[in-house]
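Please open the model in your viewer and keep the sequence panel beside it. The stops below move from the whole chain to single side chains, with a selection to make at each one.

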Amino acid sequence: MLPKRNYEVMYLVTTIIPFYNGGKHLENVIETLKKQTIGFENIEIIMVNDCSNDESPKIAENLASTYDNCYFYDLSLEYSEKSGYPGRPRNLGLKHVHSNYVIFLDIDDYYVDNAFEILYNKITDTNADFVLANHYINSDNGSIKNNLCSKNSSDEIIINPTKNQSTFDKVTTGCFIAAWGKIFDYKFIQDNNLIFFEDGPTEDGDFYFQALAVCKKMCILPNTYIYMYNEYGDSTIHNSTEKLFLAFFNGLKRINDFLIENIDLNHEVFISDYFSSLLLIFVTLDVDKSRKKELLEMIYEFEQTTDEINIKTPEVAFLNNLILKRKFDSAIIVGKMYNKFYNNLFIKKMYRKYINLKRLE
């Protein structure tokens, strides 16, 4: 439960930055925020440490002592281990907001120089519950523009998503569920007690769809690019743990159930994207064969309770077809092959380039 505000509004906007071992990024993040045309002094910067074991807490503490608008909160004072996900630090940040509007920022990304000004002006002009804009994707193969909405969309779309579901689904091509790239009315967050789930990697989806369910007015800026999302491809994919798999699987089911019970916005897109991610986690899973078969049975049983999942990525669709036919031995072999390919940096870069080009179609 978020506390009701009983203190002075001091800034135009607040940006919440969770971090774990983010020492190499913290100072750079502040430098990018200094360039915001809304005025650095008008931004409240909340940095939240998720039990880092590098020098980042000291860097954050030093930044907080250097700049009056920078604040540092440390989860290690309450927890002995990191949560592993941004939900917990974001929730802590939401308890200390001194403005009327909130913008989330991941520590290894950045906003373009006029992003905060654009978002602030738009949410105050429209009185929307939240505003979202488009973003760039930066990868090994260069920077491209994301395709947020269908081609030839208007520059501004204002909509009540739950009362105009067909229109919403028509203009949007993806869930764009990430917490970043948006500005939220803080009162809207407080009044509806919107908080992030802290138990797994689907916290963005939980938060986004809860927000949509109670949203009366949202504003979409499909042709305005405000955020640089960095996809790093210079490292191999490490083996996933069973804990991660189960956390993601449970989050997928939770959001799926919520959508069925509450709203039907982009349900097909959501389930396809998240299910593809689940299968990628399975591919890199570090458990023995018998346990993999048990997990594949869980996936199979889940799919029997849903409509047909339209997976757009060919190799993931192929793997899923094996699961649907209960050819688990073959699925495990294919998964091992995929894991080797994904860990080949050249193949990974070429594949990422292909995926990025597909996003523009």
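## A tour of the predicted model

Begin by colouring the whole chain by confidence: this is a predicted model, with a mean pLDDT of 87 for the protein and 88% of its residues at 70 or more. Then select residues 233-237, over which pLDDT stays under 50, although the model has 15 contacts beyond four places in sequence for them. Where pLDDT is low, the predicted coordinates should not be read in detail.

Switch next to a cartoon view, in which 13 helices and 10 strands can be traced. Of the protein's 361 residues, 52% count as buried, and a surface representation covers about 16,900 Å² of exposed area, 48% of it supplied by carbon and sulfur atoms. If you draw the contacts between residues at least 6 apart in sequence, 81% of them join residues at least 24 apart.

Now select F130 and M218, the residues with the most contacts inside the largest nonpolar core, which has 68 residues. Add helix α9, residues 267-283, which gives the most to this core, with nine residues. A second, separate core has 37 residues, V13, I123, A133 and A178 among them.

Return to F130 and display its surroundings: apart from neighbours within four places in sequence, its contacts include I123, K182, I183, F184, F188, Y208, A211, L212, C215 and M218. Extending the selection to F104, F184, F188, F196, F207, Y208 and F209 shows, together with F130, one aromatic cluster.

Helix α8, residues 242-262, is the next selection, and a distance between its end C-alpha atoms gives 30 Å, which agrees with the 30 Å that its 21 residues should span at 1.5 Å a residue. Show its buried side chains, F245, A247, F248, F249, G251, L252, I255, N256 and L259, and then bring in α7 (203-214), α9 and α10 (289-303), against which the buried residues of α8 pack.

For the last stop, turn to the aromatic pairs, of which the structure holds 22, and pick out Y11 and Y71. How are the planes of these two rings set? The planes stand at 80° and the ring centres lie 6.4 Å apart, so the pair is edge-to-face. The two residues are 60 apart in the chain, with Y11 in the segment before β1 (13-19) and Y71 in strand β3 (residues 70-74), and the pair thereby links distant parts of the chain. Y11 has a relative accessible area of 10%, and is therefore buried, the cut-off being under 20%.

Methods: Residues are numbered from 1 along each chain as its sequence is written. Side-chain values use heavy atoms; hydrogens and water are left out. pLDDT is the predictor's confidence in each residue, from 0 to 100. Contact means heavy atoms within 4.5 Å. Helices (H or I, at least four residues) and strands (E, at least two) are DSSP runs, numbered from the N terminus. Buried means under 20% relative accessible area, exposed over 50%, partly exposed in between (1.4 Å probe, protein chains only). Accessible areas come from the Shrake-Rupley method with a 1.4 Å probe; for residues, only the protein chains shown count as cover. A nonpolar core is a set of buried Ala, Val, Leu, Ile, Met, Phe, Trp, Tyr and Cys residues joined through side-chain atoms within 4.5 Å. The expected span of a helix is 1.5 Å times one less than its number of residues. Rings of Phe, Tyr and Trp (its six-membered ring) pair if their centres lie within 6.5 Å; planes under 30 degrees apart count as stacked, over 60 as edge-to-face and the rest as tilted.
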